[in-house]
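This short report looks at how charged and nonpolar side chains are arranged in one protein chain. Please keep the sequence and the 3D view at hand while reading.

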Amino acid sequence: GNGMPARCAPWKNIQEKRHVKSVTLVGETADSILLKVVSALEPGNSDYVNSYTIRSDGSIRVTAELFIRHDTMPEIPRFGMKMALPGDYTYMQWYGRGPHESYWDRKSSAFIGYYSGEVMEQYTPYIFPQENGNKTDVRWVTLTNAEGMGFRIEGLQPLEVNLHQYLEENMDERVTHTIDVPFENLVEVCIDLHQMGVGGDDSWGALPHPQYHLPVKEYSYGYRLRPLR
């Protein structure tokens, strides 16, 4: 209702306009290496920097930094990363807010604790398909298959985590009913610092409150990936 899709369009599919400027081996020890990847993002003439500390125990420490050069860019809908896993990694456990979905500005009924369940159980079937199932203030989350193999994500600060058995990019204006959502044999994992609040004071123009926006400025966050068996 407030025109966010059009206003924030420069950030949509921003990864498709990412140009890798350099990949550098920054440091090396007996049991780890540190890689740094510097990329240019076309919107806002911005720099995006990833660092990966890869250890011999299989764990990876991931950090991301965003440096926006132009303050004329609109607010950022979401700052984070996502990846896709095979469809059999469907059992999740997490320590954060739950058991139902929560958002930056809509979480007072979701209490911090230990929760578990199947990925499909996190889907909220709104009449009109939309963003759903998010978890806030997550300290860690694990994803495993039936044999108990998988991995654990540990935030270097509280995270927002969202897992689905569909690709977010497929939930667009062509999908108007829950039955139309094209579910896949995969698990898409979103690991975010934040996504903007959902608002809801009214449905015809009110923005989320300012404290739940991601304005144009520098951002950084990180997490660790650890293998489980």
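A salt bridge is counted here when a side-chain nitrogen of Lys or Arg lies within 4 Å of a carboxyl oxygen of Asp or Glu. The model is a predicted one, and by this rule the count comes to 13 salt bridges. Three of these pairs are set out below.

| Pair | Closest N to O | Places in the chain |
|---|---|---|
| Asp47 and Arg69 | 2.9 Å | strand S3; loop between S4 and S5 |
| Glu131 and Arg78 | 3.7 Å | loop between S7 and S8; strand S5 |
| Arg97 and Asp137 | 2.6 Å | strand S6; strand S8 |

Because Asp47 lies in strand S3 and Arg69 in the loop between S4 and S5, their salt bridge ties together parts that are 22 residues apart in sequence. Asp47 counts as buried at 15% relative accessibility, whereas Arg69, at 47%, counts as partly exposed.

In the pair that joins parts 53 residues apart, Glu131 is partly exposed with a relative accessible area of 27%, and Arg78 is partly exposed with 24%. Both residues also belong to a network of salt bridges that links them with Lys82, Glu168 and Asp192. Arg97 and Asp137, which are 40 residues apart, are both buried.

Turning to the nonpolar side chains, the largest core has 35 residues, and those with the most contacts inside it include Phe79, Leu143 and Leu163. Strands S4, S5, S6, S8, S9, S10 and S11 each supply at least two residues of this core, and the largest share, five residues, comes from S9. Beyond its neighbours within four places in sequence, Leu163 is in contact with residues including Met92, Val119 and Leu143.

How values were computed: Residues numbered from 1 in each chain as written. Predicted model: local features only at pLDDT ≥ 70, side-chain atom pairs only at ≥ 80, totals over all residues. Heavy atoms only, no water. Core = buried A, V, L, I, M, F, W, Y, C linked by side-chain atoms within 4.5 Å. Buried < 20%, exposed > 50% of the residue type's maximum accessible area, 1.4 Å probe, protein only. Helix = DSSP H or I, 4+ residues; strand = E, 2+ residues; numbered from the N terminus. Contact = heavy atoms within 4.5 Å.
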